[in-house]
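Trainee: I would like to learn how to read a structure like this one, feature by feature. Could you take me through it slowly?

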Amino acid sequence: MDNTHKEIVNVIRLVSLLLLLLIALSCSKESDMIYSPYIHKEYIYKGQLHCHSNKSDGNGTPAQVFNAYKKLGYDFVCLTDHDIFAGENATPKPDGTELFSLAGVEETHAEHIGRIGSDVGIVSDNAQVIINDIVAKGGVANICHPHLVGMDATALLAITGYDLMEIKNYMVEDVWNSYKGTDESLWDQVLASGRLVWGVAVDDTHVMDRDLGFTSVMVYANSKDEILDSLRNGNFYTMEKDGSLINKIDLVGTTLYIEVSDASDFDFIGSGGVFQKNIGVKSTYYKITGEEGYLRVRITNSASGKHTWMQPMITGLNSSMVNYNVKILSETGRVVIGSPIATLFEDGRVGVITGVS
Ligand SMILES: [Zn+2]
Ligand SMILES: [Zn+2]
């Protein structure tokens, strides 16, 4: 081989190496980045986001409702009588903590909308006007039993600004025995359409047992603001009575590890259906491919058949970001790949981004 030929071979090698490097960079694992609403916090607070007293069509005075939930070990309750506003207060519990009653009402002039932790509202038959008012007053809006009030995915996508939607309402689904599972499948349609909404299970107590559907919120401290922040940011799970408690949610690189209290079936659900099923285990993991779009986990207690629902993560973040309308605010809030950090998005949500290096 003459020198010229050698040089050509070297140049080809160099170009090939550069090309490989470029390909590696362009496929850099940014596409594998994952947004998770779960930030580890010291305490888990149990709360009820939808219930009634005799101020509207429930049984028991507001004080009796709060005492009933206090006895059941709740940390917060939002009393949501129909169009009758309940203000906030905090009452001590025997263990020295407090039961917060978040200010609330179920607005029923338009579709039924839970006003949680906001000041008293305005009367309007326009759902968007109500939601805007809730957000402006520092509260969190919850779309109650969407199917029951005739809302389909198109209707849910036509309004914005709400953070929560009910995916399990005991009053509607188990007392009236109606629309069972429909609101959960509406949730999937909304998520698959690129809207990040958190799902909640509620009692909607009227004249029935309490503590059938509730929410477990992660907080640093005994504070109403912390509860509202975590509700807004999806840092909670929601469940049925006798469902499995979650002991661990860990996202390490692109692997999601979950550990629960009892043997359970795990459904890993994303755009297009169930991606993985694990039967009868207490702990499991799922390797995120980045193709899921959103990823949520439904945990079914093997003994009771009752559910626990985790909130959705977004996978393949760079490609999904546009769909989910979440944009990282600034370079300073930017991701260090492999090092989960709290990151603020343009739409105000806080979560953890992780990926592989
Ligand atoms: Zn209602
Ligand atoms: Zn209600």
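Trainee: How many bridges join strand S7 to strand S8, and do they run parallel or antiparallel?

Mentor: In general, strands of a sheet pair through backbone hydrogen bonds, either parallel or antiparallel. In this predicted model, strand S7 (residues 113-116) and strand S8 (residues 140-143) run antiparallel and are joined by four bridges. To follow the pairing residue by residue, begin at Arg 115, whose bridge partner in S8 is Ala 141.

Trainee: In what order do the strands of that sheet lie?

Mentor: The sheet is an open one of five strands, in the order S6-S7-S8-S9-S10, and its pairing is mixed. Strand S6 (104-107) and strand S10 (198-202) stand at the edges with a single partner strand each, so one side of each has no neighbour in the sheet. Neighbouring strands here are turned against each other by 30° on average, with direction ignored.

Trainee: Which helix packs on the sheet, and which strands does it touch?

Mentor: That is helix H6 (residues 182-192), which touches strand S9 (164-169) and S10, and whose direction makes about 150° with that of S9. When reading a packed helix, list its buried residues and then look for their partners. In H6 the buried residues are Asp 183, Glu 184, Leu 186, Trp 187, Asp 188, Val 190 and Leu 191, and the buried residues of this helix pack against helix H4 (153-158), S9, S10, strand S14 (255-270) and strand S16 (294-301). After H6 comes Gly 194, with a positive phi near 90°.

Trainee: Which residues of strand S3 are buried, and on which side does each lie?

Mentor: Strand S3 (residues 76-79) is covered on both faces, with Phe 76 and Cys 78 buried on one side and Val 77 and Leu 79 buried on the other. Turning to its pairing, three bridges join S3 to strand S2 (residues 43-51), and these two strands run parallel; S3 is also joined by three bridges to strand S5 (residues 98-102), again in parallel. Val 77 serves as a reference point for both pairings, since Gln 48 stands opposite Val 77 in S3, while in S5 the bridge partner of Val 77 is Ser 101. The connection is also worth tracing: S2, helix H2 (residues 62-71) and S3 make a right-handed β-α-β unit.

Trainee: Why does Tyr 237 count as buried?

Mentor: Burial is read here by counting neighbours, with 20 or more other C-beta atoms within 10 Å as the cut-off. Tyr 237 counts as buried because it has 25 C-beta neighbours inside 10 Å. This residue is found in strand S12 (residues 236-240), and, leaving aside neighbours within four places in sequence, Tyr 237 is in contact with Ser 216, Ile 246, Thr 308, Trp 309, Met 310 and Gln 311. Tyr 237 and Trp 309 are 72 residues apart along the chain, yet their C-alpha atoms are separated by 5.9 Å.

Trainee: What is the mean pLDDT of the chain, and where does pLDDT stay under 50?

Mentor: The mean pLDDT is 85, and 81% of the residues reach 70 or more. Confidence stays under 50 over residues 20-31, where the model has ten contacts beyond four places in sequence, and also over residues 329-342, where the model has 28 such contacts.

Terms used: Residues are numbered from 1 along each chain as its sequence is written. Chains are lettered from A and ligands numbered from 1 in the order in which they are written. This is a predicted model: local features need pLDDT of at least 70, side-chain atom pairs count only at pLDDT 80 or more; totals for chains, interfaces and linings use all residues. Two strands pair if DSSP finds at least two bridges between them. Axes are lines fitted to C-alpha atoms, for helices over the stretch in contact, and angles run from 0 to 180 degrees between N-to-C directions. Two residues are in contact if their C-beta atoms, placed from the backbone, lie within 7 Å. A residue is buried if 20 or more other C-beta atoms lie within 10 Å of its own, exposed if 12 or fewer, and partly exposed in between; C-beta atoms are placed from the backbone. pLDDT is the predictor's confidence in each residue, from 0 to 100. A crossover is right-handed if, with the strands pointing away from the viewer, the path from the first strand over the helix to the second runs clockwise.
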